[in-house]
There are 2 protein chains.
Amino acid sequence: MRIAEVSKKYNLTEDTIRYYEKIGLIPRVPRTKSGIRDFDDESCRWIEFIKCMRNSGMTIEVLTEYINLYKQGDKTIEARKKLLIEQKEKLLSKQEEIANTIKRLEYKIEIYNEIAKGERKDFLKEP
Amino acid sequence: MRIAEVSKKYNLTEDTIRYYEKIGLIPRVPRTKSGIRDFDDESCRWIEFIKCMRNSGMTIEVLTEYINLYKQGDKTIEARKKLLIEQKEKLLSKQEEIANTIKRLEYKIEIYNEIAKGERKDFLKEP
DNA sequence: TATTGACTTAAAGTTAACTCTAAGTGATAA
DNA sequence: TTATCACTTAGAGTTAACTTTAAGTCAATA
């Protein structure tokens, strides 16, 4: 699989994919004899994994650390697990924060609805 | 209330608060005769609101748009409501994405646990 | 055979969101 | 009254995460 195809498949620009490889965010992608990237299944799975984690806000720094541990083999399994647990905790906090913000927005939207229906004359004291 | 106090109260640097005011992310804060910011209740509520929204990932661009609408008065109430609804939708998507990532991390962590307990010999095919 | 187009690299540029610096003012403590 | 300290401003600098550019290679098509 060439980079163009992978780019479409995961909706990431070719530049971003090359960039991810360059900084070690995904393991080195195999090349053809003429030096062109030839993505195999494993490369694709890494890209999909990184994309998922990045989209949830995990930093490149943390993810490259994870890849570096992976490259060092099975002796880093505990360290990798620890890293994943920490990141999961972070996502849980974030999830809570977002849930609260959504509630707050819903409340504000409700007030706007009441105003629209004329049920509220005490015009909006923002915020 | 002076900026130092507000900074502690909301855990934002003084620079960030001044920056937020400068770019119009919060309405202009009242000053003493000698020109020093004197935060009243409303200013504080704006800061708290903006902090909450920023922490959930809402962009400065969207938030300044909201403040600008607010400054134009009641005729922008519908527009403000629309903006909030859009942002709420975005947060809902984000929430879902994060929930999926958390599940994925939990699955991976579980596999690491099985490996640790020796229940799995097929050593980890990442990712 | 010449040219097109997808690929390569290294390195410079961009964007969002701060963060810091420099130069200056005004009120209070020694 | 002098010096300290919290504040002011405008503007330059930083960081993370891309994104673009420039210069070049290679394989397939006109």
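# Two DNA strands and a helix crossing

Tutor: Of the atoms of DNA strand D within 4 Å of the protein, 80% belong to sugar or phosphate and the rest to bases. This is a predicted model, where local features need pLDDT of at least 70, side-chain atom pairs count only at pLDDT 80 or more, and totals for chains, interfaces and linings use all residues. Residues are numbered from 1 along each chain as its sequence is written, chains are lettered from A and ligands numbered from 1 in the order in which they are written, and side-chain values use heavy atoms, with hydrogens and water left out.

Student: Which residues are closest to DNA strand D?

Tutor: They are A:Asp15, A:Tyr20, A:Arg54, B:Arg18 and B:Arg37, out of 18 that surround the strand. A residue is near a strand if one of its heavy atoms lies within 4 Å of it.

Student: What makes the pair formed by A:Tyr20 and DNA strand D a polar contact?

Tutor: A polar contact is a pair of N or O atoms within 3.5 Å; within protein, one must be able to donate a hydrogen and the other to accept it, and residues adjacent in sequence count only if both atoms are side-chain atoms. A polar side-chain atom of A:Tyr20 lies 3.0 Å from a phosphate oxygen of DNA strand D, so the pair qualifies. For A:Thr16, the distance from a side-chain N or O atom to a phosphate oxygen of that strand is 3.4 Å, so this pair qualifies too.

Student: Which helix gives the most to the surface near DNA strand D?

Tutor: Helix 2 of chain A does, with four residues. Helices (H or I, at least four residues) and strands (E, at least two) are DSSP runs, numbered from the N terminus.

Student: And which helix gives the most near DNA strand C?

Tutor: There it is helix 2 of chain B, with four residues. B:Tyr20 has a polar side-chain atom 3.0 Å from a phosphate oxygen of DNA strand C, and for the side chain of A:Arg37 the N or O distance to a phosphate oxygen of this strand is 2.6 Å.

Student: Why is helix 3 of chain A called oblique to helix 5 of chain B?

Tutor: Their axes (lines fitted to C-alpha atoms over the stretch in contact, with angles from 0 to 180 degrees between N-to-C directions) come within 9 Å and cross at roughly 125 degrees. Angles under 35 degrees count as roughly parallel, over 145 as roughly antiparallel, 65 to 115 as roughly perpendicular and the rest as oblique. The crossing therefore makes helix 3 of chain A oblique to helix 5 of chain B.

Student: Which residues of helix 3 of chain A make the contact?

Tutor: A:Glu48, A:Phe49, A:Cys52, A:Met53 and A:Asn55 do, where contact means heavy atoms within 4.5 Å.
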